[in-house]
Amino acid sequence: MPVTLVQVDFPHSGPWGAEMASAFEGLAQSIAAEPGFLFKYWTEDQAQGIAGGIYGFASRAEAEAYLTMHTARLQGFGITGIRGLILDVNEPLSRIDKAPVL
């Protein structure tokens, strides 16, 4: 099954770690219900002041729709400097390098 990745990051001043997990649990549950959603790795780097994630979607169309919606949602939270990419996965090479490919 092909996987399309969405990569998003943006400036973030906290919370971090367990506090972030607690603060954004509702958002995580909302993301899990998105059409075509397969998984998300939540990412954060306090030293660089960035947060975001790597998302897997079942199709490019669902990934594109999600990125459009999520960018608008983040902007609604007052977040600026959002970077978003949609990337296809090269499954044969990813399997060699032990990526969890669906």
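Here is an informal back-and-forth about this predicted model.

Me: What pattern of helices and strands does the protein chain follow along the sequence?
Reply: The protein chain has four helices and four strands to place. Read along the sequence, they come in the pattern β-α-α-β-β-α-β-α.

Me: Which order do the four strands take in the sheet?
Reply: Start from strand 1: eight bridges tie it to strand 3, residues 50-57, and six bridges tie it to strand 4, residues 83-88. Both pairs run antiparallel. The sheet is open and its pairing is antiparallel, with the order 2-3-1-4.

Me: Which strands stand at the edges, each with a single partner strand?
Reply: In the order 2-3-1-4, look at the two ends. A strand there has a single partner, so one of its sides is left without a neighbour in the sheet. From one strand to the next, the twist averages 15 degrees. The edge strands are strand 2 (37-45) and strand 4.

Me: How many residues of strand 1 are buried?
Reply: Strand 1 covers residues 4-11 and has bridges to strand 3 as well as to strand 4. It is largely enclosed by the rest of the structure, because the buried count is six of the eight residues.

Me: Which residue in strand 3 is the bridge partner of Pro11?
Reply: Strand 1 and strand 3 run antiparallel and share eight bridges. On the other pairing, with strand 4, Leu5 stands opposite Leu87. For Pro11, the partner in strand 3 is Ile50.

Me: Is Thr4 buried or exposed?
Reply: Thr4 sits in strand 1. Beyond its sequence neighbours up to four places away, it touches a list of residues including Tyr55, Phe57, Ala63, Ile86 and Leu87. Its relative accessibility is 5%, and the cut-off for buried is under 20%, so Thr4 counts as buried.

Me: How far does the backbone nitrogen of Arg60 lie from a polar atom of the side chain of Thr4?
Reply: Arg60 is among the residues that Thr4 touches, along with Gly56, Ser59 and Asp88. A polar contact needs N or O atoms within 3.5 Å. The backbone nitrogen of Arg60 and the polar side-chain atom of Thr4 lie apart by 3.4 Å.

Me: Where is His12, and is it buried or exposed?
Reply: His12 is in the loop between strand 1 and helix 1. Leaving aside neighbours within four places in sequence, it is in contact with Met20, Phe24, Gly49, Ile50 and Ala51. A polar atom of its side chain also lies 3.3 Å from the backbone oxygen of Gly14. At 14% relative accessibility, this loop residue counts as buried.

Me: What is the peptide bond from Gly14 to Pro15, cis or trans?
Reply: Pro15 belongs to the loop between strand 1 and helix 1 (17-23). The bond leading into it from Gly14 has omega near 10 degrees, and that bond is cis.

Me: What separates the C-alpha atoms of Thr80 and His12?
Reply: Thr80 is in the loop between helix 3 (60-76) and strand 4, and it is exposed at 61% relative accessible area. Not counting residues up to four places away in sequence, it touches Phe10 and Pro11. Thr80 and His12 are 68 residues apart along the chain, yet their C-alpha atoms are separated by 9.6 Å.

Me: Which residue other than glycine has a phi near 65 degrees?
Reply: Look in the segment after helix 4 (91-96). The residue there is exposed, with a relative accessible area of 71%. Its phi is positive, and the residue is Lys98.

Me: At what angle does helix 2 run to strand 2?
Reply: Helix 2, residues 25-32, lies across strand 2 and strand 3. Taken against strand 2, its direction is at about 150 degrees.

Me: What radius of gyration does the protein chain have?
Reply: The C-alpha trace spans about 40 × 25 × 25 Å along its principal axes. For 102 residues, a compact globule would come out near 13 Å, and the chain agrees with that, having 14 Å.

Me: What share of the exposed area do carbon and sulfur atoms supply?
Reply: Buried residues make up 30% of the 102 residues. The protein chain exposes about 6100 Å², and the part from carbon and sulfur is 58%.

How values were computed:
Residues are numbered from 1 along each chain as its sequence is written. This is a predicted model: local features need pLDDT of at least 70, side-chain atom pairs count only at pLDDT 80 or more; totals for chains, interfaces and linings use all residues. Side-chain values use heavy atoms; hydrogens and water are left out. Buried means under 20% relative accessible area, exposed over 50%, partly exposed in between (1.4 Å probe, protein chains only). A polar contact is a pair of N or O atoms within 3.5 Å; within protein, one must be able to donate a hydrogen and the other to accept it, and residues adjacent in sequence count only if both atoms are side-chain atoms. Contact means heavy atoms within 4.5 Å. Two strands pair if DSSP finds at least two bridges between them. The radius of gyration is taken over C-alpha atoms; the globule rule is 2.2 Å times the number of residues to the power 0.38. Accessible areas come from the Shrake-Rupley method with a 1.4 Å probe; for residues, only the protein chains shown count as cover. Axes are lines fitted to C-alpha atoms, for helices over the stretch in contact, and angles run from 0 to 180 degrees between N-to-C directions.
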